[in-house]
Every structure is written in C-alpha cells, then in structure tokens.
Amino acid sequence: MMRIAVIGECMVEMAPVDGGLYRMGFAGDTFNTAWHLRRLLDDQHQIDYVTAIGDDATSTRMRDFIAASGIGVDHVQRLPGASPGLYLIGQEQGDRVFSYWRSHSAARRLADDEAALARALEGAALVYLSGITLAILSPEARVRLWAVIAASGARVCFDPNIRPRLWDSAEQCRDVLSDAAARSWCVLPSFGDEQALFGDDIPEATLARYRQAGAEVVVVKDAENPVLMDVAGHRCQVAPPMLAGGVVDATGAGDAFNAGWIAAYLSGQDPQAAAHQANAHAAKVLRVAGALLTA
C-alpha cells in the first residue's frame, strides 16, 4: 500500500445554472488532483486529503463529499467556529470569471497544529501540494509545514500554480515558490504563469530554473503546446492530442494533468507514456464544464 497525502484547500463552489440560480459544489486545485488520483490509481494507493474545515453544516457536507469520493478524511481537521472558503463562478464577455471569499477560510490554519500535521503525514510516501497551499498559510505556518514534511521523509510533488493576488508581492511569491521547488522531487509548472512571474522567455528556461533549484523531475505544461519534461537529466517533449469540438471549460485541466502524470509514473510508465496519459486525462476535463468528471 502506497500512501499519498494531498495538502491544501477545498472550497465551496457556487456555479451558475439556468434561471439565474447557483448550484453548490466543492472543488479546489489540490482537491481536484486528489479526486482524479483516486480514479486513476488502484486500491494499492491510499489517497488522503489534509486540510482544515469548520464545524458548520457546509463543512460537514464538504467532508462527506470528500469521503464519498474515496479520499481519506481522517486528517481533515475540524475547527470550532470556523468555515470553509467560497468562490462564485460568473460570466464576463463569454468567459468564466471567479470571485473569492477565502480570507477567513479554515484551511489557512491547516498547519497550525504541528502534532496533527505530523500524524497526517506519518507513513506517507508522497506529499502533493501547490503554490496555493503555501499562499494561504502564514510564513510561520509554512515553516512548520516544511519541517513536518522533511521529518516525514516523504517525496514532494509540487505544482507552483501561481495566483499573484494571493501573495503580498511578486518577490515574495518568487521566493516561496523557488524554496518549495528546492525541497521537491517533482515540480509541475505551467509555462504561461511562470513566464509572467519569472520572465521566462521559453519553456526550456522554466525547466532549467526548476532543475537548477534541485527538483529531480520537472514537467512543464504549456496549454495546447507540447509538454516539456526532464526526468533525472533525460529530456523529452510530448504533444497534446487535438481536441475535437474545442475546449468547453479549462477549469481544473492542469489539476487533472498533474494527477494523470503522477498516476502513470507511479504505476511504472516511462515519462513519455505518463505525459500521454496526463494529456488524455486533461483533455477529458477540457471537454466538460467544471473541474471534475462527474458524469
């Protein structure tokens, strides 16, 4: 049994439906990846979600949804008087736009209890987290989180998932993400985001920067362009498939790609085969509305 601990924030999602109404669901970058990992890996892999939620009715529904998805909830902390973050999906000029209410999200306190966090990571072979996970934590909590991860001995898989509005400054964002990459076995960046923050002119620059930081594996996503990978010094590219009918909704496609690549690689596939599986899985998400393949 291989245990994977996914650390981050699951949020309440309010998505528009007909008649000006909204449907409540649950999603979030790391949770999306955990959800896809559960569907792509066999029962020899335990997927646990590590977060904090409140003790209100909505938090209970969220925990029940995570559990019903086959993801472990033993390390979902329940904080009295707290509640989860929320985002609302709107439309602007034919495209989706997001409004967030997360400043008091319980997940911001997921690393406050060091002992609970240590229990959550005990026995984990792989820890998955993102730049959003780090962005919502205080600097002191980030120190605690990295100390517990290091003590656990687990390998780290990290998606920088750059969201500038969550950081105090671009400099802070660059520093924290670069530090995270230096602590990670695998980094899964998106070139467009990296270009905007770090000034990378080509995907090869993103790859080289994270390899130089210390990551053994770097997989650079680049929208409809080929995936660029370096696995322990062996570099290759894999082109994504053509999408018949075009993109319906890009929400969560990167999260799905990450799950596809990790699942394939952990199952023994070579990096190129893993990228093909990741592209194919992400393509399924691009063809539907929402981040999860619920149909």
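These notebook entries record what I looked up in a predicted model of one protein chain.

**Entry 1. The chain as a whole**

I began with the secondary structure and found 10 helices and 13 strands in the protein chain. I then looked up the radius of gyration, which is 18 Å, close to the 19 Å that the globule rule gives for 295 residues, so the chain is as compact as a globular protein of that length. Taken along the principal axes, the box filled by the C-alpha atoms is roughly 50 × 50 × 40 Å. I noted that 52% of the 295 residues are buried. For contacts with a separation of 6 or more, I found that 68% join residues 24 or more positions apart.

**Entry 2. The nonpolar cores**

Which residues of the largest nonpolar core touch the most other members? I listed Ile7, Val127, Leu129, Leu134, Leu145, Ile149 and Phe158, out of 45 residues in that core. Another core, of 44 residues, lies apart from it and includes Met14, Tyr49, Ala259 and Ala282. As background, I recall that nonpolar side chains tend to be buried together in soluble globular proteins.

I followed Ile149 further. Leaving aside neighbours within four places in sequence, Ile149 is in contact with Ile7, Leu121, Val127, Ala154 and Val156.

**Entry 3. Helices H3 and H5**

The contact of Ile149 with Leu121 led me to this helix pair, since Leu121 belongs to H3 and Ile149 to H5. I looked up the axes of H3 (residues 114-121) and H5 (residues 139-152), which come within 9 Å and cross at roughly 35 degrees. The crossing of H3 past H5 is right-handed.

Which residues meet? From H3 I recorded Glu114, Leu117, Ala118 and Leu121, and from H5 Arg144, Leu145, Val148, Ile149 and Ser152. By class, the residues of this contact divide into 6 nonpolar, 1 polar and 2 charged. Leu145 and Ile149, on the H5 side of this contact, are also among the core members that touch the most others.

**Entry 4. Ala107**

I placed Ala107 in the loop between strand S7 (95-101) and H3. Is Ala107 buried or exposed? The relative accessible area is 1%, so I entered Ala107 as buried, the cut-off being under 20%. Not counting residues up to four places away in sequence, Ala107 touches Gly8, Glu9, Thr51, Ala52, Ile136 and Leu137. I also looked up Cys186, 79 residues from Ala107 along the chain; their C-alpha atoms are separated by 24 Å.

**Entry 5. Ser69**

Ser69 is another loop residue, and I located it between helix H2 (57-68) and strand S5 (76-78). With a relative accessible area of 7%, Ser69 is buried. Beyond residues up to four places away in sequence, I found that Ser69 touches Phe31, Trp35, Arg38 and Arg39.

**Entry 6. Ala223 and Ala232**

I checked the backbone of two alanines. Ala223 is not a glycine, yet has a positive phi of about 50 degrees. I found Ala223 in the loop between strand S11 (217-220) and strand S12 (227-231). Ala223 has 68% relative accessibility and therefore counts as exposed, the threshold being over 50%.

Ala232 likewise has a positive phi of about 50 degrees although not a glycine. I placed Ala232 in the loop between S12 and strand S13 (234-238). At 44% relative accessibility, I entered Ala232 as partly exposed.

Notes. Residues are numbered from 1 along each chain as its sequence is written. This is a predicted model: local features need pLDDT of at least 70, side-chain atom pairs count only at pLDDT 80 or more; totals for chains, interfaces and linings use all residues. Side-chain values use heavy atoms; hydrogens and water are left out. Axes are lines fitted to C-alpha atoms, for helices over the stretch in contact, and angles run from 0 to 180 degrees between N-to-C directions. Helices (H or I, at least four residues) and strands (E, at least two) are DSSP runs, numbered from the N terminus. A crossing is left-handed if the near helix is turned anticlockwise from the far one by less than a right angle, and right-handed if clockwise. Contact means heavy atoms within 4.5 Å. Ala, Val, Leu, Ile, Met, Phe, Trp, Tyr, Cys and Pro count as nonpolar, Asp, Glu, Lys and Arg as charged, and the others, Gly among them, as polar. Buried means under 20% relative accessible area, exposed over 50%, partly exposed in between (1.4 Å probe, protein chains only). A nonpolar core is a set of buried Ala, Val, Leu, Ile, Met, Phe, Trp, Tyr and Cys residues joined through side-chain atoms within 4.5 Å. The radius of gyration is taken over C-alpha atoms; the globule rule is 2.2 Å times the number of residues to the power 0.38.
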